[in-house]
Amino acid sequence: MERHVAATLLPNAEDLRETISRLISRLETSLRHLLLEVWDDKENKVRAEEKLEHIFASSGLPDSFVFAAHDAILNAALSQDEPGFERACLLFLQLPDQAPKAGLRVLGLSDDALSPAACEVLRRAYRDDAGLTDDLVAPGSGQTDQANSMINRAREIMQDFAPDWAREFDLLVSRIYLAANRDPKKSGFGGATVFAAFGSILLNADKIDGLPSTLMTLVHESSHAKLFLYHLDDPVILNEDNELYASPLRSTPRPMEGIFHAAWVSARMVQAARCLLDSGYSGPGADELRRRSRQAAIVYRDCATEIQRHARLTPLGQQLFDDAQTVMSDVPS
């Protein structure tokens with residue numbers, strides 16, 4: 001991804017398209033190797049090849065469940081889990097064949113809305129290390145419709161007042177999956193974005209409660225996806241996963257990668273809110289948007305302090321952090 005001074009954090013659709021094209025090429029190469037060379041199943045080889053041809057026939061981004069299926073196959077292969085590898089390859093063959101529809105789609109994370117195979121690989125991809133997303137249940141049709149309306153309205157506001165951010169969002173996110181915790185006693189989650197299900201984000205249907213919060217959630221989650229792309233050719237952060245540090249968004253210490261992500265996406269939230277407000281967004285939610293921007297700025301500064309104290313960054317990681325520091329330098333404390 002081409003980088004400009006103090007601007008790695010800001011929208012750049014042209015650079016993003018080039019990076020996503022490279023990602024698609026790598027996905028196809030890896031799937032062809034795993035399914036047609038590593039998988040020793042002559043009976044299913046023709047089916048696998050036909051499915052791959054169908055998926056990559058167009059230049060568009062494959063559906064997020066294709067990324068999730070690839071992640072399951074690859075991890076089973078790397079861990080030498082032969083039964084898991086066989087099951088993951090067979091699940092891939094069971095994925096829906098229809099071409100992904102253009103534009104943003106909001107769907108419940110359910111067998112009915114997707115397919116059993118797609119739902120299984122996506123649930124696995126979204127399972128987190130804190131147990132917040134391991135008991136998901138899809139919302140009912142009424143709640144899905146309400147969430148869909150709110151999300152699309154937020155996307156329209158982004159288009160009207162921050163078109164550069166909207167263009168980038170559209171490149172990063174084509175599917176939004178809705179779910180909530182089955183156990184109502186859980187504190188739950190707001191949203192989740194994982195590289196293993198690239199092209200999608202997961203939102204808690206119970207926490208979509210207004211335009212300002214929805215706008216900031218869309219920016220927050222899509223910003224994780226953008227940062228994942230910087231990791232394609234570079235580790236960015238050199239700290240080990242077992243090195244844990246204080247995080248303003250978690251009650252327990254977390255690895256530096258999580259703190260770095262929290263800082264970066266929080267800076268993006270502040271800049272997106274600034275763009276919306278400076279461009280004339282003045283609806284009923286403008287004051288709430290300012291409040292959420294101030295909260296994000298506080299999170300950024302707390303995370304930035306930990307990064308300055310403890311992070312070991314690659315040159316690219318340092319540039320990403322320096323650019324965030326630059327764009328945040330004139331944000332009032």
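What share of the contacts in the protein chain with a separation of 6 or more comes from residues 24 or more positions apart? Such residues account for 76% of those contacts. The model on display is a predicted one, and the tour below proceeds from the whole chain to single residues.

**The whole chain**

Begin with the entire protein chain selected and coloured by secondary structure; 11 helices and 7 strands should appear. Aligned along the principal axes, the C-alpha atoms fill a box of roughly 65 × 45 × 40 Å. The radius of gyration is 20 Å, which agrees with the value near 20 Å that a compact globule of 333 residues would have.

Next, switch to a surface representation. The accessible surface comes to about 15,600 Å², and carbon and sulfur atoms contribute 48% of it. Of the 333 residues, 52% are buried. If the charged side chains are then coloured by sign, 35 positive and 49 negative charges are to be found, with mean positions 4 Å apart.

**Helix 10**

Select residues 286-310. This is helix 10, with 25 residues. From first to last C-alpha it reaches 36 Å, close to the 36 Å expected at 1.5 Å a residue. Show the side chains of its buried residues, among them Leu-289, Ser-293, Ala-296, Tyr-300, Cys-303 and Ile-307. Glu-306 is also buried. An α-helix has 3.6 residues a turn, so residues three or four places apart point the same way.

To see what the buried residues of helix 10 pack against, add helix 8 (211-230), strand 6 (244-245), helix 9 (256-278) and helix 11 (315-328).

**Helix 5**

Move to residues 116-126, which form helix 5. Its buried residues include Ala-118, Cys-119, Leu-122 and Tyr-126. They pack against both helices and strands: helix 3 (64-78) and helix 4 (82-93), together with strand 3 (175-181), strand 4 (191-192) and strand 5 (200-204).

**Two residues with positive phi**

Most residues other than glycine have a negative phi. Two loop positions merit inspection in this respect.

Select Gln-80 in the loop between helix 3 and helix 4. Its phi is positive, about 55°, although Gln-80 is not a glycine. Is this residue buried or exposed? Gln-80 counts as exposed because its relative accessibility is 70%, above the 50% cut-off.

Finish at Val-236, in the loop between helix 8 and strand 6. Here too phi is positive in a residue other than glycine, near 65°. Val-236 has 0% relative accessibility and therefore counts as buried.

Methods: Residues are numbered from 1 along each chain as its sequence is written. This is a predicted model: local features need pLDDT of at least 70, side-chain atom pairs count only at pLDDT 80 or more; totals for chains, interfaces and linings use all residues. Side-chain values use heavy atoms; hydrogens and water are left out. Helices (H or I, at least four residues) and strands (E, at least two) are DSSP runs, numbered from the N terminus. The expected span of a helix is 1.5 Å times one less than its number of residues. Buried means under 20% relative accessible area, exposed over 50%, partly exposed in between (1.4 Å probe, protein chains only). Contact means heavy atoms within 4.5 Å. The radius of gyration is taken over C-alpha atoms; the globule rule is 2.2 Å times the number of residues to the power 0.38. Accessible areas come from the Shrake-Rupley method with a 1.4 Å probe; for residues, only the protein chains shown count as cover. Lys and Arg count as positive and Asp and Glu as negative; His and the chain ends are not counted. The place of a charge is taken as NZ of Lys, CZ of Arg, CG of Asp or CD of Glu.
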